[in-house]
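Q: Hi! I'm new to this one and would love a quick tour. Could you pull it up so we can look at it together?

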Amino acid sequence: ITTSDLERVVNISRLSSAEFVYDGIAQAVDENGNVQYSVAYCATVRAGIDMSDITFEIDEENRVVTPILPEIGVDEPILDETTLEFMPSNPRADLQEIIALCKEDALTEMQEDGQIYTTARENLQSTVEALITPLLEHGDYTLGWGGITPTPPVLTSNQRPRKMKSR
């Protein structure tokens with residue numbers, strides 16, 4: 001087993017490993033800090049990585065493969081413009097300005113909360129594990145996470161957990 005074999009297996013382009021729907025309220029303020037208007041909105045925020053950025057370390061002596069995952073990135077929020085509600089109604093503002101304000105608010109909230117990164121990392125680890133486990137078993141290697149134990153992703157109602165074969 002080689003690092004290039006492993007990298008070929010996981011190289012599936014961009015992977016969004018977490019998606020959150022965020023209902024928020026953004027406020028437009030003037031240069032004096034006075035709120036000009038508020039807008040309630042709904043946005044979808046995705047986090048993930050470019051899978052080609054994953055590298056691997058192989059410990060031949062102990063037969064352990066350790067994936068080195070890149071930093072999780074958060075994509076630009078996707079705003080559902082049909083959900084916009086203004087307070088007060090019909091503010092004097094450009095629609096593009098309102099959209100930018102809502103996207104910035106959603107991105108800031110997601111980054112400050114941090115849960116999107118945790119979920120994305122957990123799901124990414126599960127994905128990498130599922131992709132490379134057949135190759136590892138064939139070569140009698142085990143998977144190591146450098147002291148990180150992956151948490152299984154939240155399953156939707158139509159998914160069933162799989163039991164992993166241990167050695």
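Q: Let's start with a single residue. Leaving aside its neighbours within four places in sequence, which residues is threonine 119 in contact with?

A: Happy to help! Keep in mind that we're looking at a predicted model. Setting those sequence neighbours aside, threonine 119 is in contact with Ser17, Ala18 and Phe20.

Q: And where is threonine 119 found?

A: Threonine 119 belongs to helix α3.

Q: Buried or exposed, that threonine 119?

A: Buried. Its relative accessibility is 18%, and the cut-off for buried is under 20%, so threonine 119 counts as buried.

Q: Nice. What about the largest nonpolar core, which residues touch the most other members there?

A: That core has 35 residues, and Tyr41, Ile54, Cys102, Leu124 and Val128 are the ones touching the most other members.

Q: Which elements give two or more residues to this core?

A: Three strands and two helices: β1 (14–29), β2 (35–50) and β6 (78–87), along with α2 (95–113) and α3 (115–138).

Q: Which of them gives the most?

A: That would be β2, which gives 7 residues to the core.

Q: You mentioned Cys102. Why does cysteine 102 count as buried?

A: Because its relative accessibility is 0%, and anything under 20% is called buried. Cysteine 42 counts as buried too, at 16% relative accessibility.

Q: With cysteines around, how many disulfides does the structure hold?

A: The number of disulfides is 0.

Q: Okay, new topic: sheets. In what order do the strands of the 3-strand open sheet come?

A: The order is β3-β4-β7, and the pairing is mixed. The edge strands are β3 (55–59) and β7 (142–143), each of which pairs on one side only.

Q: What does "mixed" look like here, so which way do β3 and β4 run?

A: β3 and β4 run antiparallel, joined by 5 bridges. One example is isoleucine 58, whose bridge partner in β4 is valine 65.

Q: And in which sense do β4 and β7 pair?

A: Those two pair in the parallel sense, over 2 bridges, with β4 covering residues 64–68. Look for valine 64 there: its bridge partner in β7 is threonine 142.

Q: Last one! How many residues sit between the strands in the hairpin of β3 and β4?

A: There are 4 residues between them, and in this hairpin arginine 63 takes a positive phi near 60°.

How values were computed: Residues numbered from 1 in each chain as written. Predicted model: local features only at pLDDT ≥ 70, side-chain atom pairs only at ≥ 80, totals over all residues. Heavy atoms only, no water. Core = buried A, V, L, I, M, F, W, Y, C linked by side-chain atoms within 4.5 Å. Buried < 20%, exposed > 50% of the residue type's maximum accessible area, 1.4 Å probe, protein only. Pairing = 2+ DSSP bridges. Contact = heavy atoms within 4.5 Å. Disulfide = S-S within 2.5 Å.
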